[in-house]
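Please read the following briefing alongside the sequence and the structure, which are displayed here.

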Amino acid sequence: MIRIRARAPGRRALAPGLPTARGAAAVAREPARPRARQCGLRARIVSGAVLFAVGTGLVLHARRTLREPKRSREAAAAARGALPRPLPPCVGGLRVAAAQLSADRRAGVGGDLYEVVATEYGVRAVIGDVRGHGVGAVGTVAAVLGGFREAVHDEPDLGRVLRRLDRALARDLRERARTAGPDSPVAEDFVTLLLLEIGPGGEVRALNCGHPWPYRLLGARVEPLSRADPLPPLGPFPLPPELPAVRCAALRPGEALFLHTDGAEEARDAQGRFFPLTAVLTEALGAGAGTPRALLAAVFTRLLRHTAGQPADDVALLVLHDARRPRPAAAAAPGTTRAATP
């Protein structure tokens, strides 16, 4: 897994020292003023107490300001350890690569999620986008990923996996709303989500809840995996009674799927133009980006150049490349023949 952090603006570290310096200068100048020399002992004591209180307040404020980035970094480090884990290079015969770019320059974590797990039902993958970004979305990401990692091994049907994720999200939103209070907008949060299942023979099934469809990479060609209408995002609306998975064209050896969050296609440059993800993928494949990691590196290089290194939203990319050998055709059983058809 590759995690990229957008660059932070410079000189911000100098700001906390300015109030302290000004306060110290004020304390140093005050005894030298004529009025202070002419005052009596009581006035000097009162003046000194006031200046001491002001100086102490400035120092404490500066210390709190200096501690906040450290606390933010510590929280982000803990979140990174519990959320999207580094993916192995191969899962169930598929070569895997993932990359994440956070719009929060201080935290380095965001509201995008992904995971790939090999199960007895095939390789199952999830990619999603929690409303908002940064540390505020970490709890919801953890709830959805935790539900996915457990449900994919228990549920043979992809629709039942989705229902388990919907219940996990509902529990998380209820708990956050209880903690945040009645006026909190937590109840309006939602998650766009794509569930993918790739069977042993390459058959592909998907359930899409308001998420961008992946791209199928066929040599140097790029085409959508499906054009079916997605379900609503998880959270604001209940799931329909029936959840039949969308059956897509089978993934053949040598082909790949490119999954992404909407932060990739909706990234804008200084003129407000969207990032041309399809064209960039086609160009990268034509230039020989044959491995998943090389493809991610090419896309992220162009994305950072397009946004001048400061994307406005989180971005997550995931590539699943079928590295399995073609399966030989099953031989006919002894004593059986198949009649030729004209």
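In helix H8, the buried residues (under 20% relative accessible area with a 1.4 Å probe, protein chains only; exposed is over 50%, partly exposed in between) are Pro 292, Leu 295, Leu 296, Val 299, Phe 300, Leu 303 and His 306. Seen down the axis of H8, these buried residues fall within an arc of 120°, taken from the directions from the helix axis to the C-beta atoms, so they line one face of the helix.

This is a predicted model, in which local features need pLDDT of at least 70 and side-chain atom pairs count only at pLDDT 80 or more, while totals for chains, interfaces and linings use all residues. Residues are numbered from 1 along each chain as its sequence is written, and side-chain values use heavy atoms, with hydrogens and water left out.

**Helix H8**
- Helices here are DSSP runs (H or I, at least four residues) numbered from the N terminus, and H8 covers residues 292-306.
- The 15 residues of H8 should span 21 Å at 1.5 Å a residue, the expected span being 1.5 Å times one less than the number of residues, and the end C-alpha atoms are 21 Å apart, which agrees.
- Arg 293 and Arg 305 are exposed on the face of H8 turned away from its buried side.
- Ala 308, just after H8, takes a positive phi of about 55°.

**Confidence**
- The mean pLDDT (the predictor's confidence in each residue, from 0 to 100) is 78 for the protein, and 66% of its residues reach 70 or more.
- Over residues 330-342 the pLDDT is below 50, and this stretch has 0 contacts (heavy atoms within 4.5 Å) beyond near neighbours in sequence.

**Cysteines**
- The count of disulfides (pairs of cysteine sulfur atoms within 2.5 Å) comes to 0.
- Cys 209 is buried at a relative accessible area of 0%, and Cys 248 also counts as buried, at 14%.

Technical notes. Helices (H or I, at least four residues) and strands (E, at least two) are DSSP runs, numbered from the N terminus.
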